[in-house]
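Dear colleague,

I am handing over the structure below for your study. Please open it first, and then read the account of the findings that follows.

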Amino acid sequence: MNTMTKSKTSAAGQPLPLIDGIEKVTGQAIYTADMDGRDCLTGRILRSPVSHGRIISIDTSKALALDGVIAIITGDDCPLTYGVIPIAMNEYPMARDTVRYRGEPVAAVAARDAATAEMALDLIELNIEELPAYYTPADSRAPDAVQLHDKKPGNLEREVHHSFGDVADGFDKADLVHSEVFECAEINHAQMEPHAALAEYDTERDRLTLHSVTQVPFYVHLTLARCLDMDSSQIRVVKPFVGGGFGARTETLNFEIIVALLARKVGGKVMMRLTREESFVTHRGRPQTRVSLKIGLTKTGQITAVDCEVVMAGGAYAGYGLVTILYAGALLHGIYGVPNVKYDGYRVYTNTPPCGAMRGHGTVDVRHAFECILDRMARDLGLDPFEVRRANLLTAPMFTDNGLMINSYGLGECLDKVQAASGWQDRKGNMPKGRGLGMACSHYVSGAAKPVHWTGEPHAVVSMKLDFDGSVTVLTGASDIGQGSTTIVAIAAAEILSIDMARIRVVTNDSVITPKDNGSYSSRVTFMVGNAAIEAAKALREKLVNAAAKKLEVAPDDIECEGGTFFVAGSSQSVLTFQEVAIAALALEGTITVKGAFSTPIEAQGGKHRGGAVGSTMGFSYAAQVVEVDVDIDTGQVRVDKVWAALDCGFAINPLAVEGQIEGSVWMGLGQGLSEETHYEKGLPSHANFLDYRFPTIAESPDIDVQIVETIDPLGPFGAKEAGEGALSGFPPALVNAVADAIGLDANFLPMTPDRVLAALNKKRRAARKAASKKEATS
């Protein structure tokens, strides 16, 4: 374990502002779309007007004749597929032969200005033979449905069937068995920054440079090399500031390849700034999901068996789909004791924009259904919802039946904190009509134990450089997308080296300068990159200690380092400043460069069954929430008044950032729970702007009471685990459970929009009247 000795100069564990915060709040931060494009051509994309069709012809002659048009490309310019999962690359940057969703790129223009580029798009003559389109899994799986992809019968991208234990016996031993079906709408990340990329091609050296909004520069690098058929050494990928990701940018996106293709064709620079509508169409959001779930409980609330079926509408291409459908089943485990589990998952192709990874990837909708049913069963058994959760707590360290490793587990303490803070004991069941309390639990991985591109390399590498000025430069390929990973790396260096953070500079995300990192996804950065940063700092500290020992003529073991000084243990004499020791170390070998790396232990890499690596991690975060609502039964309007959220993050390296991540997770759960959903009219997105896509504003945002639980994970950096996703999936079920407490409505749908709530209330009233009439007639 990476332990530490706390001192008055400790950086880890202190609430510190993000080191890149000044640039962001003052407007100095340069995002991709802010980059100087005066010497760039403008790139624009022509998109399919139909949801499914065969491309008969694309005539670009009139567009190419337009003054100011420099180049036009189509699917013929890139015959190679791409995709984030190596075994599921079935998407082209621009459609070849077939379009599979409305808005899919079919051609692109590079012109001297935006107006000319738009005129050129209008002049391209596109001839498409329309084919049957399917917008729901049921339609796609119909016996007479045409196949959207070769060798994918039934339009199934992936089906998964896992079983652990004796499920039938588990249900036989249950005192209560409950099953329901839940419908969760598709949602989008709605990140603040629209997509953008700037590509420059050097024809003399045959080199490509791409600046983009990506969360995964390494995966973009690999994809560009593949699709442009270039040696990867000839490519440079740079990630500027990013205005939010949430999973929208965890795979290479079509516009990144398209702008690179345009730059190569024109032999220069092309800037592509997507509109908000285009950013929505590029999508990669959380899929529309149907969860059919059955749970068995004993009369004391212990889970005896689980049977879960999940059907996802994955959109037109594979993307992260096979991982998402595996996550949905894998993370049934790891939070409670579930001795007998059967899981069937179906990821279905539809003629809509491709779905992908979104914050809480794979687990949110299934966790929602699970926590809602647990509450309803607790009510039927006359048990408190908190007691049902406590009846199923795990004991760490352990391995789950599907091979997930759990070394630290603070869910019990999370439950204690939110139960006490919310006044649950006194207030639950004693609130006015229309007001209610609900609770739920959740968990998430601290990085995937196996990357999607398995190379055998370490998962993370961090370099540190000490030079003549006495500053420490940290080089990392980790993508800070607002979560504060750059600050975590600086804190790790400051803590191990016992220096002030002002002496540290962090350089990130430039493939010709920084070491490779797999990217920001699945909450991997703090755990993996944090550990690598600690190892690099230890290597540098060892060199400094050796230099101090030589200067003071003592053994290295006699040297202590604290507060930016080096001294002999037990002596108040012979104190050297960091600068003095740095000069001494540099005199021995010149500029000092060290590195640290992190690789996941074998035992953390999941079970041996097919797909067992998905869901595997080095440590899980755990969360519990209580939500208080006010429901207007006349309008169906649900208002969230307050949220109490506790998260076990192992150790809060930066409590200020942890608090912000928990609040952000709750807020995104609030959006999915109350209002967010995509809408398509014959494949055309009708939600693709920030007016029609209804996410909460500050007016709808409740007070969030954050409680941090620290269990100290033995593998985490300073004992830390993830903090950015674990609290998200607990909010929607806590919301639905609170509504049930307030007005007696058990809702099986998300989002809880007023029209849906009112329709469900009216349906319940009609059923009650019908039952009363039937009872009166029989009596």
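Arg-141 lies over the face of Tyr-346, at 4.7 Å from the ring centre. A second arrangement of this kind involves Arg-367, whose charged end sits over the ring of Phe-370, 4.7 Å from its centre. Please bear in mind that this is a predicted model.

Phe-370 also leads to the nonpolar interior. The largest nonpolar core has 111 residues, and within this core Ile-295, Phe-370 and Val-629 touch the most other members. Apart from this core lies another, of 60 residues, which includes Ala-478, Val-506, Leu-576 and Phe-718. As general background, nonpolar side chains in soluble globular proteins tend to be buried together.

What does Val-629 touch, when residues up to four places away in sequence are not counted? Its contacts include Gly-434, Arg-435 and Gly-436, then Val-638, Arg-639, Val-640 and Asp-641, and also Leu-735, Ala-738, Val-739 and Ala-742.

The aromatic residues come next. A search of the whole structure finds 15 aromatic pairs. One of them is formed by Phe-620 and Tyr-622; this pair is tilted, with 6.3 Å from centre to centre and 45 degrees between the planes. Both Phe-620 and Tyr-622 are buried. Elsewhere, ring pairs link Phe-280, Trp-667, Phe-690, Tyr-693 and Phe-695 into a cluster.

I turn now to the sheets. In general, the strands of a sheet pair through backbone hydrogen bonds, either parallel or antiparallel.

One open sheet has four strands in the order S21-S20-S19-S25, and its pairing is mixed. Strand S21 (504–508) and strand S25 (592–598) stand at the edges with a single partner strand each, so one side of each is left without a neighbour in the sheet. On average, neighbouring strands of this sheet are turned by 20 degrees against each other, direction ignored. Strand S19 (residues 460–466) and S25 run antiparallel and are joined by seven bridges. Within this pairing, Ala-460 of S19 stands opposite Phe-598 in S25.

Two helices accompany these strands. Helix H14 (residues 485–497) packs on the sheet and touches S19, strand S20 (472–476) and S21; the direction of H14 makes about 140 degrees with that of S21. Helix H15 (residues 525–552) lies across S19, S20 and S25, and runs at about 145 degrees to S25.

Another open sheet has three strands in the order S22-S23-S24, with antiparallel pairing. Why is one side of S22 and of S24 left without a neighbour in the sheet? Strand S22 (559–562) and strand S24 (576–577) stand at the edges, and each has a single partner strand, so one side of each remains without a neighbour.

S22 and strand S23 (residues 565–568) run antiparallel and are joined by four bridges. Cys-561 has Phe-566 in S23 as its bridge partner, and Glu-562 stands opposite Thr-565 in S23. The two strands form a hairpin with two residues between them, and Gly-563 in the turn has a positive phi of about 60 degrees.

Which side chains of S22 are buried, and which are not? The side chains alternate along the strand: Ile-559 and Cys-561 point to one face and are buried, whereas Glu-560 and Glu-562 point to the other and are not.

Yours sincerely

Conventions:
Residues are numbered from 1 along each chain as its sequence is written. This is a predicted model: local features need pLDDT of at least 70, side-chain atom pairs count only at pLDDT 80 or more; totals for chains, interfaces and linings use all residues. Side-chain values use heavy atoms; hydrogens and water are left out. A nonpolar core is a set of buried Ala, Val, Leu, Ile, Met, Phe, Trp, Tyr and Cys residues joined through side-chain atoms within 4.5 Å. Buried means under 20% relative accessible area, exposed over 50%, partly exposed in between (1.4 Å probe, protein chains only). Contact means heavy atoms within 4.5 Å. Rings of Phe, Tyr and Trp (its six-membered ring) pair if their centres lie within 6.5 Å; planes under 30 degrees apart count as stacked, over 60 as edge-to-face and the rest as tilted. A charge sits over a ring if NZ of Lys or CZ of Arg is within 6 Å of the ring centre and within 35 degrees of the ring normal. Two strands pair if DSSP finds at least two bridges between them. Axes are lines fitted to C-alpha atoms, for helices over the stretch in contact, and angles run from 0 to 180 degrees between N-to-C directions.
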